[in-house]
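Reader: I am new to this structure. Please take me closely through one part of it, the surface that faces the DNA, and then show me what lies behind that surface.

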There are 2 protein chains.
Amino acid sequence: MALKVRKNRIPPPACPISDCMRFLGGAWTPNIIWYLSPGPRRFSELRHDIPVVSAKVLTQRLREMEEHGLVLRHVMPTSPPSVEYELTELGQELLPVIAAIMSVGKRLKRRREEIAA
Amino acid sequence: MALKVRKNRIPPPACPISDCMRFLGGAWTPNIIWYLSPGPRRFSELRHDIPVVSAKVLTQRLREMEEHGLVLRHVMPTSPPSVEYELTELGQELLPVIAAIMSVGKRLKRRREEIAA
DNA sequence: CGGCTCAGTTACCAACAGGTTACCGCAGAA
DNA sequence: TTCTGCGGTAACCTGTTGGTAACTGAGCCG
């Protein structure tokens with residue numbers, strides 16, 4: 001008897017995950033959102049916050065996030081030019097996701113440590 | 001759509017996000033978790049659920065998830081070999097994250113449609 | 001004037017993840 | 001006997017991505 005695909009279950013609704021993950025895709029995007037969460041932050045501050053990320057990638061991510069409507073970019077016409085990035089409302093809606101990711105990640109990390117020990 | 005979240009190599013020391021994202025990293029991991037959420041599911045069923053993912057990648061993801069303790073792998077010694085995958089408790093703890101990702105994704109999608117209209 | 005900072009941009013490059021194809025052993029069906 | 005389905009694995013190829021280094025250009029400082 002050949003095995004059949006079981007259909008006697010509630011099918012998950014059409015999965016929008018792929019659409020959604022485009023907004024979190026790319027290295028460091030969650031980190032950037034996290035560091036923007038307390039409030040507006042300048043480019044060089046973000047560089048300082050996440051020193052392992054290169055300027056190029058930071059720019060790329062911020063541009064992408066701006067396109068997606070997750071951040072606002074304010075250019076301050078000060079003497080040393082200064083650019084502030086700020087989470088939009090939509091960007092702030094991602095914070096619970098990131099918080100959840102962090103809490104689960106911590107739990108998994110603890111688990112690994114227990115196994116290692 | 002490719003749905004890639006890169007597994008970042010060296011994470012920033014202070015921030016646990018990178019550690020956490022390793023568990024969601026790799027293409028299709030969130031989708032797989034989602035399709036496992038209603039209950040155990042066989043390999044070929046998952047292939048049917050997510051036809052765009054290749055067998056190789058599906059195997060890779062399931063193996064990684066098994067290593068991370070997110071899924072259990074049950075080999076049924078039936079005549080056509082059958083392998084069931086099942087979310088562990090830890091894996092189920094990821095579901096709120098995925099639900100959050102989905103809800104935000106839907107919202108962003110609506111927003112894009114409004115802009116396009 | 002030289003050099004510094006801020007906020008990038010551009011060109012080039014290596015690594016790696018994911019896709020494709022082929023193949024395996026086994027059992028039951030035709 | 002051959003064929004198919006299951007659950008993979010191995011070898012190979014390609015595209016993307018993120019890193020590095022060098023550059024810009026305005027404004028200020030000394």
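Author: What follows starts with the fold, moves to the DNA and ends with the parts behind the contact surface.

Keep in mind that this is a predicted model. Start with chain A. Its secondary structure comes to 6 helices and 3 strands. From the N terminus on, the order is α-α-β-α-α-β-β-α-α. Chain A has 117 residues, and 40% of them are buried. About 6600 Å² of chain A is exposed, and carbon and sulfur atoms supply 56% of that area. Now count contacts between residues at least 6 apart in sequence. In chain A, 46% of these join residues at least 24 apart.

Next, the two chains together. A rotation of 180°, with 0.2 Å of shift along its axis, superposes chain A on chain B with an RMSD of 0.2 Å. That is the relation of a two-fold axis. Among the residues of chain A, Val97(A) comes closest to this axis, with its C-alpha at 2.8 Å. Both copies use the same surface: 87% of the contact residues of chain A recur in chain B.

Now the DNA. Take strand D. It is surrounded by 22 residues, and the closest are Lys56(A), Arg61(A), Ser44(B), Arg73(B) and Tyr85(B). Of the atoms of strand D that come within 4 Å of the protein, 75% belong to sugar and phosphate. Some contacts can be named one by one. A polar backbone atom of Ala27(A) is 3.0 Å from a phosphate oxygen of strand D. For Ser54(A), a polar side-chain atom lies 3.4 Å from a phosphate oxygen of this strand. Chain B takes part too. An N or O atom in the side chain of Arg63(B) is 3.3 Å from a phosphate oxygen of strand D. Which elements give two or more residues to this surface? From chain A, helix H4 (55–67) does so. From chain B come helix H3 (43–49), helix H4 (55–67) and strand E3 (82–87). By type, the residues near strand D are 9 nonpolar, 6 polar and 7 charged.

Turn to strand C. Here, too, 22 residues lie around the DNA, and Arg73(A), Pro81(A), Tyr85(A), Ala27(B) and Lys56(B) come nearest. Sugar or phosphate supplies 76% of the strand C atoms within 4 Å of the protein, and bases supply the rest. Arg63(A) has a polar side-chain atom 3.3 Å from a phosphate oxygen of strand C. A polar backbone atom of Ala27(B) is 2.5 Å from a phosphate oxygen of strand C. Lys56(B) reaches a base: a polar atom of its side chain lies 2.3 Å from a base oxygen of strand C. The elements that give two or more residues here are H3 (43–49), H4 and strand E3 (82–87) of chain A, together with H4 of chain B. The residues near strand C divide into 8 nonpolar, 6 polar and 8 charged.

Move along the chain from Ala27 to the next residue. Trp28(A) sits in the loop between helix H1 (17–24) and H2 of chain A. Its phi is near 75°, a positive value in a residue other than glycine. Most residues other than glycine have a negative phi. Is Trp28(A) buried or exposed? At 11% relative accessibility, Trp28(A) counts as buried, because the cut-off for buried is under 20%. Trp28(B) lies in the loop between H1 and H2 of chain B. Trp28(B) also has a positive phi, of about 75°. Its relative accessible area is 11%, and it is buried.

Just ahead of that loop in chain B is H1. Why is this helix largely enclosed by the rest of the structure? Because 7 of its 8 residues, 17–24, are buried. They are Ile17(B), Ser18(B), Asp19(B), Cys20(B), Met21(B), Phe23(B) and Leu24(B). The cover comes from both chains. It includes helix H2 (29–36) and helix H6 (95–116) of chain A, and helix H2 (29–36) and helix H6 (95–116) of chain B. After H1(B) comes Gly26(B), with a positive phi near 90°.

One last residue. Arg41(B) is found in strand E1 (residues 41–42) of chain B. Arg41(B) is buried, with a relative accessible area of 6%. Its side chain makes a polar contact of 2.6 Å with the side chain of Asp49(B).

Technical notes. Residues numbered from 1 in each chain as written. Chains lettered and ligands numbered in written order. Predicted model: local features only at pLDDT ≥ 70, side-chain atom pairs only at ≥ 80, totals over all residues. Heavy atoms only, no water. Helix = DSSP H or I, 4+ residues; strand = E, 2+ residues; numbered from the N terminus. Buried < 20%, exposed > 50% of the residue type's maximum accessible area, 1.4 Å probe, protein only. Contact = heavy atoms within 4.5 Å. Areas by Shrake-Rupley, 256 points an atom, 1.4 Å probe, with all protein chains shown as cover. Near = heavy atom within 4 Å. Polar contact = N/O pair within 3.5 Å; in protein donor to acceptor, adjacent residues only side chain to side chain. Nonpolar A, V, L, I, M, F, W, Y, C, P; charged D, E, K, R; others polar. Least-squares fit on C-alpha atoms with pLDDT ≥ 70 in both.
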